[in-house]
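This report covers helical spans, a nonpolar core and some backbone values of one chain.

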Amino acid sequence: MGRRRNSPVNDLFQGVRRQSIKVKVCLGCLLALCALVAMRFWVKNHNYFFIASEVVHVAGIVVLIYKLTTQKTCSGLSLKTQELTALFLAVRLFCSTMMEGDIHTVLDFSTLVSTVWVIYMIQFKLKSTYIKELDNFRLYYVVVPAAVLGVLVHPYTLYNRISRILWAFSAYMEAVSVLPQLRLMQNAKMIEPFTSHYVFALGISRFLACAHWIIQIYETRGGYIFLVGSGYFWILAVFLCEMVQTFILADFCYYYIKSKMEGQLVMRMPPV
């Protein structure tokens, strides 16, 4: 009496935890594959994946806003990730307004406004709680390579060359914008709930966007990668960017789910 019984889900998770790294990777790939197959048959219009991805990103920003307004602290948040996010959103919003002007433009605008507000709160209102020493990722490590890639590999469309280069730059920047946040969390070792919720939302967002590309490539038997008029390497480069983002966040998502299944309020990052 008084002994706590583990649920079947916890038993399953503990069993997975005891497996080797190779087995865990295989199980993760199998789970992702099953999710892709399910979405392939359930979602008819694949453009919904991108819309869902952006909506989940907005939801993650809302979580940050709730944290900043209720707890009055920005501890655990990377200002540099927010600055990179605002940068690629601003560039993409400019290009989207000039080139498309659809639902994606509206979602990008709302996300950009929310991100700028988060930056304002961190830099001015809650500056005393910002841990600058832990947020030590050097931005030029990602901004300069993204700019160079944008000049070298960009779409070939009817729009002017500057717009095409900027569009490519925003795509490359988005792929690595979360790196400062991950670096900060690795330095801090422990992550409070709202920050972990936000990063997990980014992981789900990137998985949905990546799912769109994988399904499109599968249905066209690889032909989608080399679409006529899009440049020989542009579609392939964008797909690789999505894959990079997904893999960067996959490890965090695993430990996030693990911590929630074990009932941990504060998430602990594993040693490097």
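How much of residues 197–218 is helix, and how far apart are the end C-alpha atoms? The span is 100% helix and 0% strand, with its end C-alpha atoms 31 Å apart. Helices (DSSP H or I, at least four residues) and strands (E, at least two) are numbered from the N terminus.

The model is predicted: local features need pLDDT of at least 70, side-chain atom pairs count only at pLDDT 80 or more, and totals for chains, interfaces and linings use all residues. Residues are numbered from 1 along each chain as its sequence is written, and side-chain values use heavy atoms, without hydrogens and water.

An unreviewed UniProt entry lists "transmembrane region" for several spans, including 105–126 and 197–218. For residues 105–126, the values are 95% helix, 0% strand and 30 Å between the end C-alpha atoms.

The largest nonpolar core (buried Ala, Val, Leu, Ile, Met, Phe, Trp, Tyr and Cys joined through side-chain atoms within 4.5 Å; buried means under 20% relative accessible area, exposed over 50%, partly exposed in between, with a 1.4 Å probe and protein chains only) has 52 residues. Among the elements that give two or more residues to this core are helix H3 (47–71) and helix H10 (234–261). Trp-234 is one of the residues with the most contacts inside the core.

Two lysines have a positive phi:

| Residue | Phi | Loop | Relative accessibility |
|---|---|---|---|
| Lys-72 | near 55 degrees | between H3 and H4 | 53%, exposed |
| Lys-189 | about 75 degrees | between H8 and strand E1 (190–191) | 41%, partly exposed |

Technical notes:
UniProt positions renumbered as here; feature names shortened; annotations may be inferred.
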